[in-house]
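Dear colleague,

I am passing on the structure we discussed, together with some notes on its strands and how they pair. Please read them alongside the coordinates.

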Amino acid sequence: MISKERIMEIIGNYDLDNLCIATVCSHSSLQIFDGARKEGLKTIGICVKKPPKFYDAFPKAKPDEFIVVDSYQDIPGIASELVAKNAIIVPHGSFVEYLGYEEFVELPVPTFGNRAVLEWESDREKERVWLEGAGIHMPKKIEPEDIDGPVMVKYHGAKGGKGFFVAKTYEEFKEHVNLDEKYTIQEFITGTRYYLHFFYSPLREEGYKLSEGILEMLSMDRRVESNADEIFRLGSPRELEEAGIHPTYVVTGNVPLVARESLLPLIFELGEKVVEQSLELFGGMIGPFCLETVVTDNLEIKVFEISARIVAGTNLYLTGSPYSDLVEQNLSTGKRIAQELKYARSVNQLDKILS
């Protein structure tokens, strides 16, 4: 991984009055660009082959300029161009997944957040060490030969649910698993899925205080998954199985969600534990992150995954959510990232939020 010292050396040559936010034109780029513009920062869209035409339909979220590459693997080749433009990269799921973990952590361009988190987030074994070490209740990990009821099989990395499947027996697991990819098997927890969108600031002092900085909870959502969210209209699970129809879990969109207020203390406690453990393990994750959870009928919250960056579920809230509006009117996660960057610049603490 590129060293913090090297990144700060690069920043030392930046024109800090003309910082620019750059990201790949995918995932949550619309709100990242919109939020940057609202905070007076210029924007760069990194795209493959040609600029996506749909940006013309959304002028407030269209980047100030595009940098075109032939493929995502060519992004390291534009690093010097990004640096010359005083760019700060804002990572998101597509950016990290398409470029690849190994290339991303070596990219010689200042990046919002702590790149060290990617090692812990992208490997599901290390992710479990992190979350369980924080005292978080997770679905049990199951070995293939021990499957004796519904389990969820997931592949490593940010794949938007692609390839994930439910198995009820070892035979079903062997039938569907792709042994060429790293995977993990979790017990299947029944309940309501909540995706909790937090923001951790190591700089601020007013708010929900942690050992260092503050924790904010900006919004939450549920994911629309194809075809799992519609398939059971065709019949019972047994009828579908007999017809050779199996549920899939590719994320196709998101819907808004608000939790019953009595759950908020537990929700903040979960976020706090995860951040405090991250500070101990690798110096802390910075900025937006999402705890992916299931709330049971006993009002227990099981965390089955963490995304340590902005997630697409925040796209619902470009003009604020029922929670972020109680922090600041019309506050999106994209805008909050831009605010943190500007504040760090104003107090000469960019080193605390960049890597």
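In this predicted model, T293 has V303 of strand β13 as its bridge partner, and the two strands concerned, β12 (residues 287-295) and β13, run antiparallel and are joined by six bridges. The hairpin that β12 and β13 form has five residues between the strands, and in it L299 adopts a positive phi near 60 degrees. As for the surroundings of β13, which spans residues 301-307, seven of its seven residues are buried, that is, under 20% relative accessible area, so the strand is largely enclosed by the rest of the structure.

Elsewhere there is an open sheet of four strands, which pair in parallel and follow the order β3-β2-β1-β4. Its edges are formed by β3 (65-69) and β4 (87-89), each of which pairs on one side only, and from one strand to the next the twist averages 30 degrees.

Within this sheet, the parallel pairing of β2 (residues 42-48) with β3 extends over five bridges, and C47 stands opposite V68 in β3. Helix α2 (residues 29-38) lies across both β1 (20-24) and β2, and its direction makes an angle of about 175 degrees with that of β1.

When you look at either set of strands, it may help to recall that in a regular strand the side chains alternate between the two faces of the sheet.

With best wishes

Technical notes
Residues numbered from 1 in each chain as written. Predicted model: local features only at pLDDT ≥ 70, side-chain atom pairs only at ≥ 80, totals over all residues. Heavy atoms only, no water. Pairing = 2+ DSSP bridges. Axes fitted to C-alpha atoms, helices over the stretch in contact; angles between N-to-C directions. Contact = heavy atoms within 4.5 Å. Buried < 20%, exposed > 50% of the residue type's maximum accessible area, 1.4 Å probe, protein only.
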